[in-house]
Amino acid sequence: FIRQLSKDYPDYRIVLLGARQSLADALGQALNDLPTVTSLMGKTTILEAMALMAGAELVVCPDSFALHATAQLGKRVICLTTGDFNGRYWPYPSGMS
């Protein structure tokens with residue numbers, strides 16, 4: 001998925017956040033040949049992650065803290081989810097984008 005995004009949108013910088021250090025290390029090594037991808041997984045505080053999300057044009061994330069924080073920041077967000085709770089917690093009210 002990340003490799004394809006990097007190929008389809010070469011003018012965008014992709015920053016990876018979150019994850020356990022072991023996963024971060026494995027993904028970082030697997031994607032280190034992509035010049036537009038920067039892995040900060042396991043390397044940021046919540047405040048640093050929020051600052052990065054605030055500066056992003058688009059955030060792609062699971063149904064997690066990142067989703068709700070990004071929505072509160074008024075940024076565009078795509079949520080990757082299984083759909084188990086469709087309509088229970090989202091969509092957000094029409095006043096939120």
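At what angle do helix α3 and helix α4 pack, and how far apart are their axes? I'll start there and then widen out. Keep in mind that this is a predicted model.

Helix α3 covers residues 46-54 and helix α4 covers residues 65-72. The angle between them is about 50 degrees, and their axes lie 10 Å apart. An angle of 65 to 115 degrees would count as roughly perpendicular and one under 35 as roughly parallel, so α3 and α4 are oblique to each other. Their crossing is right-handed.

Which residues meet there? From α3 we have Ile46, Met50 and Met53. On the α4 side, the partners are Phe65, Ala66, Ala69 and Thr70.

Staying with α4, its buried residues are Ala66, Leu67, Ala69, Thr70 and Ala71. Ala66, Ala69 and Thr70 therefore appear in both lists, as residues that meet α3 and as buried residues, with burial meaning under 20% relative accessible area. What do the buried residues of α4 pack against? Helix α3 is one of the partners, and the others are two strands, β3 at 58-62 and β4 at 76-80. After α4 comes Gly74, which has a positive phi, near 75 degrees.

Now the chain as a whole. It contains four helices and four strands. In sequence order, the pattern is α-β-α-β-α-β-α-β. The chain has 97 residues, and 22% of them count as buried. Taking contacts with a separation of 6 or more, 31% are between residues 24 or more positions apart. The exposed area of the chain is about 6,900 Å², with 58% of that supplied by carbon and sulfur atoms.

Last item, the cysteines. How many disulfides does a search of the whole structure find? The count is zero. Cys61 is in no disulfide, and the nearest cysteine sulfur to its own belongs to Cys79, 5.8 Å away. Cys79 is likewise in no disulfide, with the sulfur of Cys61 as its nearest, at that 5.8 Å. The cut-off for a disulfide is a sulfur pair within 2.5 Å, so this pair does not qualify.

Are these two cysteines buried or exposed? Cys61 has 5% relative accessibility, so it counts as buried. Cys79 has 27%, so it counts as partly exposed, since that class runs between 20% and 50%.

To recap, α3 and α4 are oblique, the buried residues of α4 pack against α3, β3 and β4, and the structure has zero disulfides.

Technical notes: Residues are numbered from 1 along each chain as its sequence is written. This is a predicted model: local features need pLDDT of at least 70, side-chain atom pairs count only at pLDDT 80 or more; totals for chains, interfaces and linings use all residues. Side-chain values use heavy atoms; hydrogens and water are left out. Buried means under 20% relative accessible area, exposed over 50%, partly exposed in between (1.4 Å probe, protein chains only). Contact means heavy atoms within 4.5 Å. Accessible areas come from the Shrake-Rupley method with a 1.4 Å probe; for residues, only the protein chains shown count as cover. Axes are lines fitted to C-alpha atoms, for helices over the stretch in contact, and angles run from 0 to 180 degrees between N-to-C directions. Angles under 35 degrees count as roughly parallel, over 145 as roughly antiparallel, 65 to 115 as roughly perpendicular and the rest as oblique. A crossing is left-handed if the near helix is turned anticlockwise from the far one by less than a right angle, and right-handed if clockwise.
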